[in-house]
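The following exercises concern the structure shown below. Please attempt each task before reading its solution.

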Amino acid sequence: MTRPEALSADAPDLTSEAAAWLAQLETGRLSSRDLAAFREWIQRSPRHYAEIHRLAELSREVNILAGMAEPLKAAAQRRRAVQRLWSIPVLGWGSLGLVATCALAFTLLAGMPDPAPAVPEPVFLVTPVGETREVALEDGSTVKLNTDSRMEVAFIKGRRNIYLEKGEAFFNVAHDAGRPFTVYAGDRSVTAVGTAFSVRWTDRELVVTVSEGKVAYGEAPARAAPSQASDAGKVMPASSAPVSSPRTMLGPGHRLEVSPLNRAELVERLPENVLSRELAWRSGFLDFQDAPLSEVVSEMQRYTAQEIVIADAELADLRFGGVFRIGQTDAFFEALELSFGVNVEQTDDNKLILKSVN
Amino acid sequence: MATEAKRTRKNAQSGIFAVFREQEAAIRRFVRRISPSSSDVDDIAQETILRALQAEREREISQPKAYLYMIARNVVRDAMDKKSRSVIDFIEDFAPESVSSHEPLIEDQVDGRQRMLLFWEAVATLPEQCQQVFVLKKVYGYSHAEISRKLGVSVSTTEKHVAAGLRRCSDFLDRRAAESGLNETRRRSAGKGE
C-alpha cells in the first residue's frame with residue numbers, strides 16, 4: 001500500500017501537511033521565510049519527503065483532467081448524481097443483493113414454481129431515455145440496463161433466457177453450468193455459463209462485447225409464442241425449444257458486430273483501453289476519445305429525447321474527446337460550445353442544431 | 001466567404017496560417033479561458049501556430065480550425081505539466097540520500113484514459129466549493145488569483161481547497177486500490193513503499 005498503517009496512526013496529518021505545502025509550492029509564491037520553513041519540514045524525515053513527492057506526482061497526473069473540458073456548471077449536478085449513484089454498489093459486482101430493491105416497479109421471480117414445465121410469469125425490465133438501472137436476478141446474476149432499453153427475463157428450469165427487445169445491457173452471469181444463460185437479440189443469441197458481457201441491440205444493429213470469460217454466439221431459432229403483441233415480427237426462439245447451435249466463441253476483449261444491412265459479422269479484439277471506454281456506461285459515464293462528431297452525436301442521441309442535428313457537413317468529421325455523465329447531455333453541448341467552436345441552437349420544436357461558429 | 005475559403009485552401013503553403021489569422025481572436029479567447037495565467041496567452045498562441053505549421057509540413061490537415069483548437073489545448077496541458085514537473089524537481093532537490101529520485105514513469109504502466117476516469121470519480125466526490133476550485137485549477141488550469149477573483153474567495157482559501165482536494169483524491173485512489181485487488185494504483189505505489 002501507499003502508506004504503512006503505522007504511519008497514519010503516528011502522524012495523521014502528514015498527508016494534509018504535505019498537501020498544504022504542495023499547494024503553496026504550486027502557486028510559486030514562496031518568501032525566503034516560507035522556504036526556510038519548507039526546508040525544515042521536508043527534512044524532518046524521509047517520510048515527509050516521500051509523502052510530498054507522492055502527492056506532487058499525483059498532482060501532476062491529475063493534470064490529464066485538463067483534457068476533459070468539463071463545464072463548471074455541471075460540476076455541482078454531477079456531484080449530486082455521483083452521490084446518488086454511490087448509494088448503489090455499482091462497483092462491487094459481487095455483492096448486489098441490495099440492488100434488487102432498486103428494481104422497484106418490477107416483481108422479480110421469487111422462485112420457480114416446482115411443477116412448471118410452462119413458461120413462468122415473465123419479468124420485464126425497462127429503462128427510460130437517459131437512465132440506467134441495475135437489477136439483481138434471482139440466480140445471482142446481475143444485469144445493468146443502459147438508456148432506452150427493454151428486456152424480458154424468462155428463467156425456466158434448466159435455462160436462463162433473456163430477450164433483449166431493444167437497447168443495451170451488461171450481464172454479469174452467475175456460474176451455473178447446468179443452466180445456460182442465453183440472451184436473445186433479434187435473430188441471434190449469445191450464451192454464457194459464467195461470464196460478463198454486454199449486448200447491444202439498437203436499430204437492428206447487434207454488438208456483443210465480452211469483458212470476462214467466454215460466450216457462444218449464433219443464430220437463434222424462431223420463438224414460438226411472442227409474449228407481446230407489440231413485438232410481432234420479431235423473431236424469437238421458443239422458450240422450450242433447444243438452444244440454437246452456436247457457431248462462434250467469443251473470448252475476453254472480443255467485440256462482435258452484426259451489420260444492420262446485410263447481417264455481416266465482424267469480430268475484433270479490443271485493446272484494454274478501448275474495452276473500458278466501450279463499457280464506461282456501466283459506471284454512468286460516456287467516454288469518447290478522438291471520435292468523429294457524427295459518431296458521438298449518434299451515441300449521445302440514445303441518451304436524450306431531443307433530436308440532435310448536425311447542420312454543417314464539415315462538423316461531422318470534427319474529432320471529439322471528453323467524458324460525460326449519462327443523463328447530463330447539457331454538459332456535452334456546453335463542452336461543444338466552449339471548447340470546440342460549435343454553436344448549439346435550440347429550435348422551437350425542441351431540436352438541437354449544431355453549427356460551425358463561423 | 002466560400003470563395004475566400006477556397007482560395008485559402010489553394011495556397012497550400014500557408015493554409016493553416018491563414019486559418020490561424022482568421023481565427024486568432026477566437027483562439028486567444030479560448031486560450032485565455034484555459035491557460036494558467038493571462039500573461040501566457042501570447043506564448044501559447046505562438047506555440048500553437050508553430051506546432052501547427054510544423055504539422056502542416058508533415059501531413060495534410062483536413063480540418064485546420066478544429067486542429068488549431070486541439071493544438072492549443074495540448075499546449076496548455078503541456079504548460080501545466082511542465083509546471084508540475086518543475087515543482088517535482090524542486091522537491092527532489094531535498095531527496096534524502098537513501099531515496100532514489102527516479103521511478104519508472106507512471107504513464108508507461110497505466111492506461112491514462114482509465115486513470116482519468118478514476119480521477120474524475122475522485123473529483124466528483126469533493127465538497128462543492130472545494131470541487132469548484134479544484135476543477136478550475138486542474139481542469140482549466142486557472143491561477144489562484146483568477147480563481148479567487150472568479151469565486152470571490154481569498155487566495156489562501158483557494159490554496160486550502162486545492163490541498164484538501166488533492167488529499168481527498170489521494171484517499172479515494174487508495175480506497176479504490178484496496179477495493180480492487182489488482183489495481184494499477186497499488187502496482188505503481190508498490191515501488192514507492194519501504
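**Exercise 1: Chain A as a whole**

Buried residues constitute 54% of the 358 residues of chain A in this predicted model.

Task: State how many helices and strands chain A has, and what share of its exposed area carbon and sulfur atoms supply.

Solution. Step 1: the secondary structure of chain A comprises nine helices and 18 strands. Step 2: chain A exposes about 15,600 Å², of which 52% is supplied by carbon and sulfur atoms. Step 3: among contacts in chain A with a separation of 6 or more, 56% are between residues 24 or more positions apart.

**Exercise 2: The setting of Asp139(A)**

Task: Determine where Asp139(A) is found and whether Asp139(A) counts as buried or exposed.

Solution. Step 1: Asp139(A) lies in the loop between strand 2 (133-136) and strand 3 (142-145) of chain A. Step 2: the relative accessibility of Asp139(A) is 18%. Step 3: buried means under 20%, so Asp139(A) counts as buried. Step 4: the side chain of Asp139(A) forms a polar contact of 2.7 Å with that of Ser141(A). Step 5: leaving aside residues up to four places away in sequence, Asp139(A) touches Phe155(A), Arg160(A), Ala174(A), Arg179(A) and Phe181(A).

**Exercise 3: Confidence in chain B**

Task: Identify which residues at the start of chain B have pLDDT below 50.

Solution. Step 1: chain B has a mean pLDDT of 73, with 71% of its residues at 70 or more. Step 2: residues 1-13 of chain B have pLDDT below 50, and this stretch has seven contacts in the model beyond near neighbours in sequence. Step 3: where pLDDT is low, predicted coordinates should not be read in detail.

Definitions and conventions. Residues numbered from 1 in each chain as written. Chains lettered and ligands numbered in written order. Predicted model: local features only at pLDDT ≥ 70, side-chain atom pairs only at ≥ 80, totals over all residues. Heavy atoms only, no water. Helix = DSSP H or I, 4+ residues; strand = E, 2+ residues; numbered from the N terminus. Buried < 20%, exposed > 50% of the residue type's maximum accessible area, 1.4 Å probe, protein only. Polar contact = N/O pair within 3.5 Å; in protein donor to acceptor, adjacent residues only side chain to side chain. Contact = heavy atoms within 4.5 Å. Areas by Shrake-Rupley, 256 points an atom, 1.4 Å probe, with all protein chains shown as cover. pLDDT = per-residue confidence, 0-100.
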